[in-house]
Amino acid sequence: MRFFRSKWGKRSAAALLLIAVWVGGSVFGAMTAEEEFGTQMIAYTDITDFIQEMEGEAAAAEDQTLSLQEQLQEHEALLEELGEETTVSEEKLEAMQEDIDRAEALLEREEELREDIAGLEEDYEAQKADQEETIAAELAELEQELEAKSDELENLLADIESKEEELDAIGSSITAKQAEPVSYPAGTAIVGIDMEPGRYMAEPIGSGSNFAVYSGSGSLEYNLILSTRPDHGVEEVAIFLFEDYMIDARTPYTLTPIDE
């Protein structure tokens, strides 16, 4: 249908129509004159030449049509290839869009986290300031209490020092009273009856004489001369007196308790 609508199609159709007319005229006209025959020969030659020209043009048009079809196929293949590339590009764009969406979501999440961190930092700073104020107040209160306790401690130490001095004075008095010598006459004395067991300093009264101490079993523990005379005995001696010890003195003497 496209061929008959083209320029070459119309020319070919006209040539075919002339051929049909000529053939029809030959059959139904029954022409016998020579001049008429000569005219028909001329017309036939023109028609043949015209048909050959038309066939050449038709062949050229067919070749051009084939070339155009080939170009069309190439264009269709190119379009198909471009369509495939377009599909791949669209898929890549979709993947890129998904990446962009994820990146935007991450950025939004990061912004939210930054806001949360900023809020936490503000809360921390506020709590820190409150705690610092509270701690400062508590420290000030503790310092006041410490100062008061220090004053109390100083007063207590002063009281203790004063009491220690009083105790020292009392102890000195007691020691002095306890350390006062006790006089005993010459003769025998039994420890636990005449005096308490302990350590004593024995000194003579007068010029002195023999002084002996026996244990409860009768063994001799001390035997010496208590004397105030130079180069004649000793003026004093420290002795241990245990329960049931016996003193045998030929001179009066004194016993003064001393620390063991």
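**Exercise 1. Decide how far strand β3 is enclosed, and find the strands that it pairs with.**

Solution. Begin with burial: strand β3 (residues 198-204) is largely enclosed by the rest of the structure, because five of its seven residues are buried, where buried means under 20% relative accessible area, exposed means over 50% and partly exposed lies in between (1.4 Å probe, protein chains only). Strands here are DSSP runs (E, at least two residues), numbered from the N terminus. The model is a predicted one, in which local features need pLDDT of at least 70 and side-chain atom pairs count only at pLDDT 80 or more, while totals for chains, interfaces and linings use all residues. Residues are numbered from 1 along each chain as its sequence is written, and side-chain values use heavy atoms, with hydrogens and water left out.

Next, look for partners, bearing in mind that two strands pair if DSSP finds at least two bridges between them. Strand β3 is joined to strand β6 (residues 237-241) by five bridges, and the two run antiparallel; within this pairing, R199 stands opposite F240. Five bridges also join β3 to β8, again in the antiparallel sense, and there Y200 has P257 as its bridge partner.

**Exercise 2. Work out the strand order of the open four-stranded sheet, and identify its edges.**

Solution. The order is β2-β7-β4-β5, with antiparallel pairing. At the edges stand β2 (187-190) and β5, each of which pairs on one side only. From one strand to the next the twist averages 15°, taken from axes that are lines fitted to C-alpha atoms, with angles running from 0 to 180 degrees between N-to-C directions. To check one pairing in detail, take β2 and β7, which are antiparallel over four bridges, with A189 facing I247 as its bridge partner.

**Exercise 3. Describe the largest nonpolar core and the surroundings of M195.**

Solution. A nonpolar core is a set of buried Ala, Val, Leu, Ile, Met, Phe, Trp, Tyr and Cys residues joined through side-chain atoms within 4.5 Å. The largest one has 17 residues, of which M195, F211, I239, L241, I247, Y253 and L255 touch the most other members. At least two residues each are supplied by β3, β4, β6, β7 (246-249) and β8, and the largest share, three residues, comes from β6. For M195, contact (heavy atoms within 4.5 Å) is made with Y184, A189, I190, Y200, L241, I247 and L255, leaving aside neighbours within four places in sequence.

**Exercise 4. Classify two of the aromatic pairs by their geometry and burial.**

Solution. Rings of Phe, Tyr and Trp (its six-membered ring) pair if their centres lie within 6.5 Å, and planes under 30 degrees apart count as stacked, over 60 as edge-to-face and the rest as tilted. A search of the whole structure finds four such pairs. Y184 and Y253 are stacked, at 5.5 Å centre to centre with 20° between the planes, and they link distant parts of the chain, since Y184 lies in strand β1 (residues 182-184) and Y253 in strand β8 (residues 253-257), 69 residues apart. Y184 is buried at 14% relative accessibility, and Y253 is buried at 1%. F242 and Y245, by contrast, are edge-to-face, at 5.5 Å centre to centre with 75° between the planes; F242 is partly exposed at 44% relative accessibility, whereas Y245 is buried at 11%. Finally, ring pairs link Y184, F211 and Y253 into a cluster.
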